[in-house]
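Visitor: Hi! Could you walk me through this one? I'd like to start with the cysteines.

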Amino acid sequence: MSFTLPQLPYASNALEPHFDTKTMEIHHGKHHQAYVDNLNKALAGTPNENDTLEELLSKISTLSPAVRNNGGGHFNHSLFWQLLSPNGGGTPSAALAEKIQTQFGSFESFKETFANAGITRFGSGWAWLCVKADKSLCICSTANQENPLMDSAECPGTPILALDVWEHAYYLHYQNRRADYIAAFWNLVNWAEVETRYNAAM
Ligand code: MN3
């Protein structure tokens, strides 16, 4: 089995003005494609070449750095694209809204904590909202292309919202202004998709 680049669920210019077209084209067509290609190369001829991505992540500590970096990269980006929408933004509804209110005090306070996880991640990485094994919500960040599904994760859980804070995600448009990129991200969050993932994890 070999992995393939998923199509974006919208046109590459559909997230303007928040995420610009050039960044989306390079991020999806070059960066994500490279993770897919390098993952396939790293797995070719190994006992793991027929594993699913989830299977790889669940035993990533036993696999090579190339599988960790590129398998993580492929999983994280595939998820990220689904969590964005040209019709995104606003607030979650129903059960997730209630859970956020209970755990973080308010939606605004949740956003601040999540944004802070992205802003304070030194170097490259991701910010996450996860459902933990005890069904509570957890905000954390990970380095590089690591994620909460990896057996080595410091903050294990089921990711329901993800934000790429690598410079390649924002530098063309926002340069060093990571906080502005994160502020723009809230206009694109596909809360319906986050809620679907939340309900499945519960
Ligand atoms: Mn990226």
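Visitor: How many disulfides does the structure hold?

Guide: Just one disulfide, meaning a pair of cysteine sulfur atoms within 2.5 Å. Cys140 and Cys155 form it, with their sulfur atoms 2.2 Å apart. This is a predicted model, where local features need pLDDT of at least 70, side-chain atom pairs count only at pLDDT 80 or more, and totals for chains, interfaces and linings use all residues. Residues are numbered from 1 along each chain as its sequence is written, and side-chain values use heavy atoms, leaving out hydrogens and water.

Visitor: Which hand does the link of Cys140 and Cys155 have?

Guide: The link is right-handed, with 60° about the S-S bond. Cys140 sits in strand E2 (residues 137-143) and Cys155 in the loop between E2 and E3, 15 residues apart. Strands (E, at least two residues) and helices (H or I, at least four) are DSSP runs, numbered from the N terminus.

Visitor: Are Cys140 and Cys155 buried or exposed?

Guide: Both Cys140 and Cys155 are buried, that is, under 20% relative accessible area with a 1.4 Å probe, protein chains only.

Visitor: And what about Cys138?

Guide: Cys138 is in no disulfide; its nearest cysteine sulfur belongs to Cys140, 4.7 Å away. Cys138 is buried too, at a relative accessible area of 14%.

Visitor: Switching topic: which residues of helix H7 are buried?

Guide: In H7 (residues 178-185), they are Arg178, Tyr181, Ile182, Ala184 and Phe185. They lie on the same side of H7, because they cover an arc of only 160° around the axis, taken from the directions from the helix axis to the C-beta atoms.

Definitions and conventions:
Buried < 20%, exposed > 50% of the residue type's maximum accessible area, 1.4 Å probe, protein only.
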